[in-house]
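Open the model in your viewer and keep the selection tool ready. Each stop below says what to select and what is there.

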Amino acid sequence: MSRKGNKLLNIPTGVNVAIKQNLVEIFNAKGKMQIDFPNFIKVEQINNQIKVSRSNDEKKSKAFHGTINSLINNALIGLSTGFKIELHIEGVGYKANVSGKKLNLAIGFSHPVVFDIPDGLDVQCANPTSITISGFDKIKVGEFASNIRSIRKPEPYNGKGIMYVGEHIIRKVGKTAETAKK
């Protein structure tokens with residue numbers, strides 16, 4: 001019995017859903033998302049809700065049941081309200097700015113690190129030490145944020161690097177502080 005897979009999904013106002021053979025299209029003025037699903041998964045629209053069911057109880061069917069339901073739910077939420085991830089940059093001289101469709105990072109290397117902003121994402125820098133990534137596709141938003149963070153992960157001794165807002169970095173004690181205790 002899958003709790004995730006059997007959950008009925010409400011279609012928000014302003015979002016349209018079209019179900020074809022093995023494809024669910026969810027679209028509105030913001031954009032369009034397509035979700036493919038295998039033959040053993042059945043997706044149907046009942047009034048203003050979407051129901052996902054499976055044809056058998058095999059292990060693969062059970063796995064896809066919840067996954068497809070979550071993907072459709074993420075598309076519905078993304079096209080109605082959107083997703084947002086905030087990053088914070090910590091370090092002397094570390095900064096970020098957006099120019100056109102490029103994100104420029106100065107994070108302690110001898111050269112600036114430049115990221116091309118993918119289509120469907122909006123990147124803003126309210127100040128030089130914060131980056132806000134927003135968009136309707138949860139996977140793209142998370143992947144882009146992860147790629148930026150992977151350039152300079154927060155390090156545990158000084159706390160410098162790129163981190164998610166609200167992320168707790170476990171700080172380590174340096175050698176000099178350890179010997180001062182003895």
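Start with helix H1, residues 59–80, in this predicted model. H1 has 22 residues, and at 1.5 Å a residue they should span 32 Å. Check the C-alpha atoms at the two ends: they are 32 Å apart, which agrees.

Stay on H1 and colour its buried residues. These are Ser61, His65, Gly66, Ile68, Asn69, Ile72, Ala75, Leu76, Gly78 and Leu79. An α-helix has 3.6 residues a turn, so residues three or four places apart point the same way. Keep that spacing in mind as you read along the buried set.

Step just past the end of H1 and select glycine 82. Its phi is positive, at about 95 degrees.

**The largest pocket**

Next, select Lys32, Met33, Gln34, Ile35, Leu71, Asn74, Ala75, Phe136, Asp137, Lys138 and Ile139; these residues line the largest pocket. Its volume is about 170 Å³. Which elements give two or more residues to this lining? They are strand E4 (32–36), helix H1 and helix H2 (138–151). E4 supplies the largest share, with 4 residues. Ala75 of H1 belongs to the lining and is also on the list of buried residues in that helix. Colour the lining by class: 6 residues are nonpolar, 2 polar and 3 charged.

**Aromatic pairs**

Now show the aromatic rings. The model has 2 aromatic pairs.

Select phenylalanine 40 and phenylalanine 64. This pair is edge-to-face, with 5.7 Å from centre to centre and 75 degrees between the planes. What does the pair tie together? Phenylalanine 40 lies in the loop between E4 and strand E5 (41–46), and phenylalanine 64 lies in H1, so the contact links parts 24 residues apart in sequence. Is phenylalanine 64 buried or partly exposed? Its relative accessibility is 31%, so it counts as partly exposed.

Move to phenylalanine 115 and phenylalanine 144. Their ring centres are 5.9 Å apart and their planes meet at 80 degrees, so this pair is edge-to-face. Phenylalanine 115 sits in strand E10 (residues 113–116) and phenylalanine 144 in H2, so parts 29 residues apart in sequence are tied together. Check burial for each ring's residue. Phenylalanine 115 has a relative accessible area of 15%, so it is buried. Phenylalanine 144 is at 5% and counts as buried.

**Last stop**

Finish with arginine 152 and phenylalanine 109. The arginine lies over the face of the phenylalanine, 4.5 Å from the ring centre.

Methods: Residues numbered from 1 in each chain as written. Predicted model: local features only at pLDDT ≥ 70, side-chain atom pairs only at ≥ 80, totals over all residues. Heavy atoms only, no water. 1 Å grid on protein atoms, 1.4 Å probe; cavity = no way out; pocket = protein on both sides within 12 Å on 5 of 7 lines; lining within 4 Å. Points joined across faces, edges and corners; volume = space filled by probe spheres on them. Nonpolar A, V, L, I, M, F, W, Y, C, P; charged D, E, K, R; others polar. Phe/Tyr/Trp six-rings, centres within 6.5 Å; stacked < 30°, edge-to-face > 60°. Buried < 20%, exposed > 50% of the residue type's maximum accessible area, 1.4 Å probe, protein only. Lys NZ or Arg CZ within 6 Å of the ring centre and 35° of its normal. Expected span 1.5 Å × (residues − 1).
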